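Work through the exercises below with the sequence and the coordinates at hand. Each task is followed by a solution in steps.

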Amino acid sequence: TNINLTELGRKQAEETAKYLKDTHIDIAYSSNLVRVVQTAKPIVRGRNIPLIITDDLREINGGGFEGITYDEIYERHPYERYMWDNDIVNCYCPNGESFYDVYNRIAPTFDRIINDNRGKTVLIATHACPIRVMTNKFLGKPFSELNSTPWAGNASVTVVDVDDNDNYTIVKQGYAQHLIDAGLTVSTNT
């Protein structure tokens, strides 16, 4: 659902901006969903860099999961919610996307961003599901092992180096110590 950040989310975004204030960034990309734009803006504030907003980086389409509570999801879609909790590789949001759909949408977007920005430091502000499928790719794991790939919490930082041969090295994954030190709760999106 396309909603604003909560008060906690705004505090987390500001704390992440403080954490990244001394990090050189050449260009920034953001999902078009408002909560991610609101997370990215404090990071790019005061920098003379573009923020490219694109729907290519949006979160999974939750279909029937969207706009209802977790209790209602369990009530209306018990099988799909069970699969989300236990076998995300084979989960398909009712009338929405599967994680494989997300991967097929996100991987070419990341590849394009990487190819368009060789030698640059790029900020990509996106969501938990895209980060999880890409982390799985960066680790060199087959898609079938996505269940064992960890989630990244809200406003956490994942840093990936990409060499000229498109080899990925994860420097940080879901780093959130800056949020913990500030006394802010980190959502793991599980």
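The exercises that follow concern a predicted model.

**Exercise 1. The sheet**

Determine the order of the strands in the open sheet and the sense of their pairing.

Solution.
- Step 1. Consider S1 (residues 27-31) and S3 (residues 122-125): four bridges link the two strands, in the parallel sense. Within this pair, Ile27 has Val122 as its bridge partner, and Tyr29 is opposite Ile124.
- Step 2. Turn to S2 (residues 51-54), which runs parallel to S1 and is joined to S1 by four bridges. Here Ser30 stands opposite Ile53.
- Step 3. Combine the pairings: the three strands form an open sheet in the order S2-S1-S3, with parallel pairing. S2 and S3 each have a single partner strand and stand at the edges, so one side of each lacks a neighbour in the sheet. From one strand to the next, the twist averages 15°.

**Exercise 2. The helix on the sheet**

Establish which strands H2 touches, and find the handedness of the β-α-β crossover from S1 to S2.

Solution.
- Step 1. Inspect the contacts of H2 with the sheet: the helix packs on it and touches S1, S2 and S3. The direction of H2 makes about 165° with that of S1.
- Step 2. Recall the S1 to S2 pairing, which is parallel and has four bridges. The chain passes from S1 to S2 through H2 (residues 34-44), and the crossover is right-handed.

**Exercise 3. Burial of S1**

Decide how many residues of S1 are buried, and sort them by the way they point.

Solution.
- Step 1. Count the buried residues: five of the five in S1 are buried, and the strand is mostly covered.
- Step 2. Sort them by direction: Ile27, Tyr29 and Ser31 point one way, whereas Ala28 and Ser30 point the other way. Residues on both sides are buried.

**Exercise 4. The surroundings of Thr54**

Place Thr54 in the fold, classify it as buried or exposed, and list its contacts beyond four places in sequence.

Solution.
- Step 1. Locate the residue: Thr54 belongs to strand S2.
- Step 2. Apply the cut-off for burial, which is under 20% relative accessible area. Thr54 has 12%, and therefore counts as buried.
- Step 3. List the contacts: leaving aside residues up to four places away in sequence, Thr54 touches Ser30, Ser31 and Asn32.
- Step 4. Examine the polar atoms: one in the side chain of Thr54 lies 3.0 Å from the backbone nitrogen of Asp56.

**Exercise 5. The length and cover of H1**

Test whether the span of H1 agrees with 1.5 Å a residue, and identify what covers its buried residues.

Solution.
- Step 1. Compare the spans: H1 (residues 7-19) has 13 residues and should span 18 Å, and its end C-alpha atoms are 18 Å apart, which agrees.
- Step 2. Identify the buried residues: Gly9, Gln12, Ala13, Glu15, Thr16 and Ala17 are buried in H1.
- Step 3. Find their cover, which includes H2, strand S4 (157-162) and helix H7 (177-181).

**Exercise 6. Positive phi**

Give the location and the burial class of Asn95 and of Ala155.

Solution.
- Step 1. Begin with the general expectation: most residues other than glycine have a negative phi.
- Step 2. Take Asn95, whose phi is near 60°. Asn95 lies in the loop between H4 (78-86) and H5 (99-116). At 76% relative accessibility, Asn95 is exposed.
- Step 3. Take Ala155, whose phi is near 65°. Ala155 lies in the loop between H6 (128-138) and S4. With a relative accessible area of 17%, Ala155 is buried.

Note on methods. Residues numbered from 1 in each chain as written. Predicted model: local features only at pLDDT ≥ 70, side-chain atom pairs only at ≥ 80, totals over all residues. Heavy atoms only, no water. Buried < 20%, exposed > 50% of the residue type's maximum accessible area, 1.4 Å probe, protein only. Pairing = 2+ DSSP bridges. Right-handed = clockwise from strand over helix to strand, strands pointing away. Contact = heavy atoms within 4.5 Å. Polar contact = N/O pair within 3.5 Å; in protein donor to acceptor, adjacent residues only side chain to side chain. Expected span 1.5 Å × (residues − 1). Axes fitted to C-alpha atoms, helices over the stretch in contact; angles between N-to-C directions.
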